[in-house]
Amino acid sequence: MENSSKKLMKVLDTGIALSKEKDRNKLLGMILDASMDIAQCDAGTLYVNKDGHLHFKVMKTISMNVDKGKNGEEIDLPPVPIVPGNICAYTVLKGKSLNIADVYKSSEFDFSGPIKYDEITGYHTGSMLTIPLVNQEDETVGVMQLINAMDEQGNIVEFSPEIERVILSLASQAAIAMTNIKYMEEIKNQMWSFTEAMAEAIDART
């Protein structure tokens, strides 16, 4: 019960922080960090849904000291097409989360990407939780994928249903915050374009 209360407080505190953050890159990093902390997992990736693809925006693997994207730097990986068969794309197409106990024992989806990554790096991808980020307009603005939930002894375990529900709640708040920042950026760009157009019009008259 105490552990559950701590996780609840973490979600509430993160929700407050998300509503205050105005920097898009910091927001994405905050979402992934908080989710990994709550889920007690080793790795995670946050994708943004754009132009029919899922673009890598933030990546983190604690055991391999990987932490990319939080300062807005590009992640040199090809975007994931939103087509059936890919687990991340599935969450966008179906609008629901997927909780996989062991990717090596699952035949439902194409896990050739994670398996190939394991072969190259020596990492071992076990459990996986993939969550759609759905905003207030029922749009899936991104996907968060968490990898390798860990028990107190450091063993890879399945993501529990309780954790899945908690992360879903956090993902919903995150999607709304992401959308609000996008709207703010669009308004700023429109205002800047209007200002430039007015300046050109004034110059043309003088």
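## Largest pocket

In this predicted model, helix H4 (112-121) supplies six residues to the lining of the largest pocket, the largest share from any element. The lining comprises 33 residues in total, and those nearest the centre of the pocket are Tyr-47, Phe-56, Gly-113, Pro-114 and Tyr-117. The space in the pocket amounts to about 850 Å³.

Several further elements each contribute at least two residues to the lining, including strand E2 (53-61), strand E3 (66-68) and strand E4 (80-81). E1, H3 and E7 meet that level too. By residue class, the lining consists of 20 nonpolar, eight polar and five charged residues.

## Overall architecture

The chain contains five helices and eight strands. Read from the N terminus, the order of elements is α-α-β-β-β-β-α-β-α-β-β-β-α.

Buried residues make up 40% of the 206 residues of the chain. Among contacts with a separation of 6 or more, 59% link residues 24 or more positions apart.

## Nonpolar cores

The largest nonpolar core has 29 residues, and Ile-31, Leu-133, Leu-146, Phe-159, Ile-167 and Met-178 have the most contacts inside it. Two or more residues of this core come from each of helix H2 (24-39), strand E1 (41-50), strand E6 (128-134), strand E7 (140-150) and helix H5 (161-205). H5 gives the most, with nine residues.

Met-178 illustrates how this core is assembled: beyond residues up to four places away in sequence, Met-178 touches Leu-27, Leu-28, Ile-31, Val-48, Leu-133 and Val-141. A second core, separate from the one just described, has 22 residues, among them Tyr-47, Ile-87, Val-92 and Phe-109. Tyr-47 is also one of the residues nearest the centre of the largest pocket.

## Helix H3 and its ends

H3 is mostly covered, with six of its eight residues buried. These are Ile-87, Cys-88, Ala-89, Tyr-90, Thr-91 and Val-92. The buried residues of H3 pack against E1, E2, E4, E5, E6 and E7.

At the start of H3, a side-chain oxygen of Asn-86 comes to within 2.9 Å of the backbone nitrogen of Cys-88. After the helix comes Gly-95, which has a positive phi near 70°.

## Two loop serines

Ser-97 belongs to the loop that connects helix H3 (87-94) with strand E5 (98-100). Its relative accessibility is 16%, below the 20% cut-off, and Ser-97 therefore counts as buried. Apart from neighbours within four places in sequence, Ser-97 is in contact with Thr-130, Ile-131, Pro-132, Glu-164 and Leu-168. With Glu-164, the side chain of Ser-97 forms a polar contact of 2.6 Å.

Ser-63 lies in the loop between E2 and E3. A relative accessible area of 53% is over the 50% cut-off, so Ser-63 is exposed. Leaving out residues up to four places away in sequence, Ser-63 touches Asp-42 and Tyr-123. The side chains of Ser-63 and Asp-42 make a polar contact of 2.8 Å. Ala-43 is 20 residues from Ser-63 along the chain, and the C-alpha atoms of the two residues are 8.1 Å apart.

Methods. Residues numbered from 1 in each chain as written. Predicted model: local features only at pLDDT ≥ 70, side-chain atom pairs only at ≥ 80, totals over all residues. Heavy atoms only, no water. Helix = DSSP H or I, 4+ residues; strand = E, 2+ residues; numbered from the N terminus. Buried < 20%, exposed > 50% of the residue type's maximum accessible area, 1.4 Å probe, protein only. Polar contact = N/O pair within 3.5 Å; in protein donor to acceptor, adjacent residues only side chain to side chain. Contact = heavy atoms within 4.5 Å. Core = buried A, V, L, I, M, F, W, Y, C linked by side-chain atoms within 4.5 Å. 1 Å grid on protein atoms, 1.4 Å probe; cavity = no way out; pocket = protein on both sides within 12 Å on 5 of 7 lines; lining within 4 Å. Points joined across faces, edges and corners; volume = space filled by probe spheres on them. Nonpolar A, V, L, I, M, F, W, Y, C, P; charged D, E, K, R; others polar.
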